[in-house]
Amino acid sequence: MELLARVSTLNNNTTMIKSYINQSEFVDALTRTYDNSNFSYEGKVALFEYLEQLSDDIGEDIELDPIAICCEYSEYSDLDEAAREYFEYEGMTYGDDSEELESVEEVEEKARKFLNDRTQVIEFEGGVIIQKF
């Protein structure tokens, strides 16, 4: 499966024309839509790879809608930043037993668990993309 760029219906809904896109075309489409402000290049590549895999997993094409993608997904510099968008930051520095977490890794793991329990998390070198919830 690939990402579907365009669907056109002709002759009273009887004929469909499909156009599939590659990674470069996907990146270009997102860049043109919001002038490169929503996602880094690396984030766009990670999002393409995620959506391409999702298409394969569900056995259906996914239609490219850059505006919907930009509304549905957000990129953050790290898991901690993403988690702070959804709950009080002070809660991230404490474990379930109310003891303060000692390392950045512990805080990051708590943020990862929090986000994975609630939404899709796409981690990549340089950041993380989450599906808004």
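The following exercises, with worked solutions, concern a predicted model of a protein chain.

**Exercise 1. Overall architecture**

Determine how many helices and strands the protein chain holds, and in which pattern they follow one another along the sequence.

*Solution.*
Step 1. Counting the elements of secondary structure gives 5 helices and 6 strands.
Step 2. Reading along the sequence, one obtains the pattern β-β-α-α-β-α-β-α-α-β-β.
Step 3. The burial of the chain may be added: of its 133 residues, 35% are buried.
Step 4. The protein chain exposes about 8,300 Å², and 42% of this area is supplied by carbon and sulfur atoms.
Step 5. For the contacts, consider those between residues at least 6 apart in sequence; 55% of them join residues at least 24 apart.

**Exercise 2. An open sheet**

State in which order the 3 strands of the open sheet are arranged, and which of them are edge strands.

*Solution.*
Step 1. The order of the strands is β4-β6-β5, with antiparallel pairing.
Step 2. The edge strands are β4 (73-76) and β5 (121-124), since each of these pairs on one side only.
Step 3. On average, neighbouring strands of this sheet are turned by 20° against each other, direction ignored.
Step 4. Helix α2, residues 41-58, packs on the sheet and touches β4, β5 and β6. The direction of helix α2 makes about 130° with that of β5.

**Exercise 3. Strand partners**

Identify which residues of β6 stand opposite E75 and V121.

*Solution.*
Step 1. Begin with the pairing of β4 and β6 (residues 127-131), which is antiparallel and extends over 4 bridges. Here E75 stands opposite I129 of β6.
Step 2. Turn next to β5 and β6, which also pair in the antiparallel sense, over 4 bridges. In this pairing, V121 has I130 in β6 as its bridge partner.
Step 3. Finally, examine the hairpin of β5 and β6: there are 2 residues between the strands, and G126 takes a positive phi near 105°.

**Exercise 4. Salt bridges of R112**

Find which side chains meet that of R112 in salt bridges, and decide whether R112 is buried or exposed.

*Solution.*
Step 1. The structure contains 5 salt bridges. One of them joins the side chains of R112 and E109, at 2.7 Å from N to O.
Step 2. Locate this pair: R112 and E109 both belong to helix α5 (residues 104-116) and lie 3 residues apart, about one turn of the helix.
Step 3. A further salt bridge joins the side chains of R112 and E123, at 2.9 Å from N to O. This pair links distant parts of the chain, with R112 in helix α5 and E123 in strand β5, 11 residues apart.
Step 4. Compare the accessibility of R112 with the cut-off: buried means under 20% relative accessible area. R112 has 19% relative accessibility and therefore counts as buried.
Step 5. E109 has a relative accessible area of 43% and is therefore partly exposed. E123 is likewise partly exposed, with a relative accessible area of 43%.
Step 6. Taken together, E108, E109, R112 and E123 are linked in a network of salt bridges.

**Exercise 5. The partner of K113**

Name the residue whose side chain meets that of K113 in a salt bridge, and classify this partner as buried or exposed.

*Solution.*
Step 1. The side chain of K113 meets that of D117, at 2.9 Å from N to O.
Step 2. Exposed means over 50% relative accessible area. D117 has 52% relative accessibility, so D117 counts as exposed.

Conventions: Residues numbered from 1 in each chain as written. Predicted model: local features only at pLDDT ≥ 70, side-chain atom pairs only at ≥ 80, totals over all residues. Heavy atoms only, no water. Buried < 20%, exposed > 50% of the residue type's maximum accessible area, 1.4 Å probe, protein only. Contact = heavy atoms within 4.5 Å. Areas by Shrake-Rupley, 256 points an atom, 1.4 Å probe, with all protein chains shown as cover. Pairing = 2+ DSSP bridges. Axes fitted to C-alpha atoms, helices over the stretch in contact; angles between N-to-C directions. Salt bridge = Lys/Arg side-chain N within 4 Å of Asp/Glu carboxyl O.
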